Amino acid sequence: MKERGRWWRGLTGSVAAGLVVLAVGVLGVAVVCSLTGAPGPGLFLLIGHPVAAVAALLAQRSADRRSGVGAGVAGGGVLVIAFVALTLFWWA
């Protein structure tokens with residue numbers, strides 16, 4: 001039982017960390033685009049990515065501090081946040 005919880009926390013933690021990396025990348029691209037005069041990501045992406053990353057980190061923190069169903073629900077929240085962020089910002 002403990003092994004399954006460790007796997008779940010590892011998966012959701014990796015997804016949350018990936019959202020942070022993606023947010024930093026989008027902000028970096030925006031800086032480069034502003035320095036070169038190239039069109040870059042819009043304000044929606046510049047605000048949305050960090051907000052999604054922070055929300056996922058908070059949900060992951062909750063998952064790490066809980067056990068049982070509470071941890072599972074919080075980890076599921078991380079996956080939902082990631083899915084919504086990717087849908088809104090990349091696939092729409």
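A residue counts as buried when its relative accessible area is under 20%, and by that rule 24% of the 92 residues in this protein are buried. Keep in mind throughout the tour that this is a predicted model.

**The whole chain**

Begin with the whole protein in a cartoon view, where you should find three helices and zero strands, so that the order of elements from the N terminus reads α-α-α. Turn the model slowly as you look, since its C-alpha atoms fill a box of roughly 55 × 20 × 15 Å along the principal axes. If you switch on a surface, about 5900 Å² is exposed, and carbon and sulfur atoms supply 74% of that area. Among the contacts with a separation of 6 or more, 70% are made by residues 24 or more positions apart.

**Helix H3**

Next, select residues 69-91, which make up helix H3. Its 23 residues should span 33 Å at 1.5 Å a residue, and its end C-alpha atoms lie 31 Å apart, which agrees with that expectation. Now colour the buried residues of this helix, which are Ala71, Ala74, Gly75, Val78, Ala82, Ala85 and Phe89. As you follow them along the helix, it helps to remember that an α-helix has 3.6 residues a turn, so residues three or four places apart point the same way.

Stay on H3 and pick out threonine 87, which counts as partly exposed because its relative accessibility is 27%. If you draw a distance from the C-alpha atom of threonine 87 to that of serine 62, the two are separated by 24 Å, although they are 25 residues apart along the chain.

**The nonpolar patch**

Which residues form a nonpolar patch on the surface? Select Phe44, Val80, Phe83, Val84, Leu88, Trp90 and Trp91, which together have about 810 Å² of accessible area. H3 gives the most to this patch, with six residues. One of the patch members is tryptophan 91, which sits in helix H3 and is exposed, with a relative accessible area of 57%.

**An aromatic pair between two helices**

The structure holds two aromatic pairs, and one of them joins phenylalanine 44 to phenylalanine 89, whose ring centres are 5.2 Å apart and whose planes meet at 70°, so the pair is edge-to-face. Phenylalanine 44 belongs to helix H2 and phenylalanine 89 to helix H3, so this pair ties together parts that are 45 residues apart in sequence. Are these two partners buried or exposed? Phenylalanine 44 is exposed, at 54% relative accessibility, whereas phenylalanine 89 is buried, with a relative accessible area of 13%.

**Two buried residues of helix H2**

Move on to histidine 49, which lies in helix H2 and is buried, with a relative accessible area of 3%. Show the side chains around histidine 49, leaving aside residues up to four places away in sequence, and you will find that it touches Leu22, Ala23, Val26, Phe89 and Trp90. Phe89 in that list is the phenylalanine that you have just seen paired with phenylalanine 44, while Trp90 belongs to the nonpolar patch.

For the last stop, follow helix H2, which covers residues 43-65, as far as glutamine 60. Glutamine 60 counts as buried because its relative accessibility is 6%. With residues up to four places away in sequence again left out, glutamine 60 touches Arg9, Thr12, Gly13, Ala16 and Val78. Among these neighbours, Val78 is one of the buried residues of H3 that you coloured earlier.

Conventions: Residues are numbered from 1 along each chain as its sequence is written. This is a predicted model: local features need pLDDT of at least 70, side-chain atom pairs count only at pLDDT 80 or more; totals for chains, interfaces and linings use all residues. Side-chain values use heavy atoms; hydrogens and water are left out. Helices (H or I, at least four residues) and strands (E, at least two) are DSSP runs, numbered from the N terminus. Buried means under 20% relative accessible area, exposed over 50%, partly exposed in between (1.4 Å probe, protein chains only). Contact means heavy atoms within 4.5 Å. Accessible areas come from the Shrake-Rupley method with a 1.4 Å probe; for residues, only the protein chains shown count as cover. Patches are made of residues with over 30% relative accessible area and no salt bridge: like charges are joined within 9 Å, nonpolar side chains (Val, Leu, Ile, Met, Phe, Trp, Tyr) within 5 Å. A salt bridge is a side-chain nitrogen of Lys or Arg within 4 Å of a carboxyl oxygen of Asp or Glu. The expected span of a helix is 1.5 Å times one less than its number of residues. Rings of Phe, Tyr and Trp (its six-membered ring) pair if their centres lie within 6.5 Å; planes under 30 degrees apart count as stacked, over 60 as edge-to-face and the rest as tilted.
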